Amino acid sequence: MPGPTRGFLGRSRPARDPRLPPGQYDVGADWPVLTAEPTPRISPETWSITVAGKVENPTTWDWAGVHALPASEYRGDIHCVTTWSKFDTRFAGVSLDSLWDVARPTTEGAFVMATSKSGYTTNLPIEDLVGGKAWLVWEFDGQPLSIEHGGPVRLLVPHLYFWKSAKWVTKLDVLKRDQQGFWERNGYHDRGDPWRQQRYQGDA
Amino acid sequence: MTVGPWTTATIAGLKRPIARSVQLRLDVADRVDHLPGQHYVVRLTAEDGYTAQRSYSVASAPSDPLVELFVERLDDGEVSTYLADVAEPGDTLEVRGPIGGWFAWDGETPALLVGGGTGVVPLVAMVRHAVATDRLDLLRVAVSARTLAELPYADELLAAGAVVVLTREAHGVRPPARLTAVDLLPLWEEGQTAFVCGSSGFAESASQLLVGMGFAPSAVRVERFGPSAA
């Protein structure tokens, strides 16, 4: 680490919130919108999610189909690579475990490529999407998830930087080998753990 | 595409050409040339080791020996207030970049650039690169600001033939108005990639205008900043 920046004091920080990963700040009540493509128009009636690839039972669920799965909620924090974090969010949907229980990834399946209706993609190790760590969500704070925040349904992987939580998700491909998604091809990290500041390709 | 490590940048020049903003000219150690449209991260460190970092688009062309950042001063902006109010020529900053392979113009294919407010900054890098390589023919530009005095790099944008839309004052014969499809249609040409940059609200409406005109969504690249409109 180099020395301090001359004259930089920073925000008052009597007690830095321990929920804040390094290099992040608390965005408060706001929720910035960051997307790289025009916002698509998707209605719940035409939306579906497909789990395919290295699975025993490739399956597609429509809007009613995912709602028939056991409801699950996430309450906690989210972290964007652009350095904002948002505390105490509340998302509702289903745990991805409910989808895995049906589709049953094979022992070869080690990575997942999530694809959105917009064509956006992001890659994740499958371990990050099992065991109650990832969700498909359609409600935020008790309201339907708005289109600019990825509605009707987005992926939620809150322990990783938020670009991994693909908006408008429509497909999960289970892969044997890792492939890079949209931001990962463009310089961002393959895993994206905020506590290790895995922001860019090359970060340890 | 890997992003290099943190490096040191010395502030070689600092100007405040328009209100509530600062233009920094940085001499970056071990610099890697950027593509027009890419950004840098600036990291500030306090005496106790506390750090804050933010991303800023590059305004300069790759051929410029310095990296120019144009930073809007946000009242509650921890990094932008430091850069606008405290930083001085000769100071050193920690920077990392260039970053981003998506919102980047290759310099060889036609592009439609649409920017709002300080969202014009990465587009200025594209215009400057086109001027430096004598390929301004590839670019069509439309920009929007509240007033001409609040439009960063207004002179250079006008000289490059940009359509300028002002929302709070008349511009020539044009009364104050928002950007519309009528502004963008004459700029639309076959084979263009669109680069849209601005506040979340501007980027959303401008990208929807393009899609509504018939522009393929896959050919529209968007960079947003700032809070959501909600």
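# Exercises on a two-chain predicted model

The UniProt annotation "domain: FAD-binding FR-type", from an unreviewed entry, spans residues 4–105 of chain B. UniProt positions follow the numbering used here, feature names are shortened, and annotations may be inferred rather than shown by experiment. This is a predicted model, in which local features need pLDDT of at least 70, side-chain atom pairs count only at pLDDT 80 or more, and totals for chains, interfaces and linings use all residues. Residues are numbered from 1 along each chain as its sequence is written, with chains lettered from A and ligands numbered from 1 in the order in which they are written.

## Exercise 1. The annotated spans

Describe the helix and strand content of the annotated span in each chain.

*Solution.* Start with chain B. Residues 4–105 are 8% helix and 44% strand. The end C-alpha atoms of this span are 20 Å apart. Helices (H or I, at least four residues) and strands (E, at least two) are DSSP runs, numbered from the N terminus.

Now take chain A. UniProt, in an unreviewed entry, places "domain: Oxidoreductase molybdopterin-binding" at residues 38–183. That span is 10% helix and 41% strand, with end C-alpha atoms 16 Å apart.

## Exercise 2. Two open sheets

Give the strand order of the 6-strand sheet in chain B and of the 5-strand sheet in chain A, then find the edges.

*Solution.* In chain B, the open sheet of 6 strands runs β4-β3-β6-β1-β2-β5, with antiparallel pairing. Its edge strands are β4 (51–57) and β5 (67–72), each paired on one side only. Neighbouring strands are turned by 40 degrees against each other on average, direction ignored. Strand axes are lines fitted to C-alpha atoms (for helices, over the stretch in contact), and angles run from 0 to 180 degrees between N-to-C directions. Check one edge: β2(B) (residues 21–28) and β5(B) run antiparallel, joined by 6 bridges. Val22(B) has Val71(B) as its bridge partner. Two strands pair if DSSP finds at least two bridges between them.

In chain A, the open sheet of 5 strands has the order β3-β2-β11-β6-β7, with mixed pairing. β3 (59–62) and β7 (121–125) each have a single partner strand, so one side of each lacks a neighbour in the sheet. The twist averages 15 degrees from one strand to the next. Inside this sheet, β6(A) (residues 111–116) and β11(A) (residues 169–175) pair antiparallel over 6 bridges. Met113(A) stands opposite Asp173(A).

## Exercise 3. A crossover in chain B

Trace the chain from β10(B) to β11(B), then decide whether β11(B) is covered.

*Solution.* β10(B) (residues 193–199) and β11(B) pair in the parallel sense over 6 bridges. Gly198(B) has Arg224(B) as its bridge partner. The chain passes through helix α5(B) (residues 200–213) in a right-handed β-α-β crossover. Right-handed means that, with the strands pointing away from the viewer, the path from the first strand over the helix to the second runs clockwise.

Next, the cover. In β11(B) (residues 220–225), 6 of 6 residues are buried. Val220(B), Val222(B) and Arg224(B) are on one face, with Arg221(B), Glu223(B) and Phe225(B) on the other. Buried means 20 or more other C-beta atoms within 10 Å of the residue's own; exposed means 12 or fewer; partly exposed lies in between, with C-beta atoms placed from the backbone.

## Exercise 4. Tyr25(A)

Classify Tyr25(A) and list its contacts.

*Solution.* Tyr25(A) has 19 C-beta neighbours inside 10 Å, so the residue counts as partly exposed. Leaving aside neighbours within four places in sequence, Tyr25(A) is in contact with Thr83(A), Trp84(A), Ser85(A), Ala52(B) and Glu78(B). Contact means C-beta atoms, placed from the backbone, within 7 Å.

Notes. Two residues are in contact if their C-beta atoms, placed from the backbone, lie within 7 Å.
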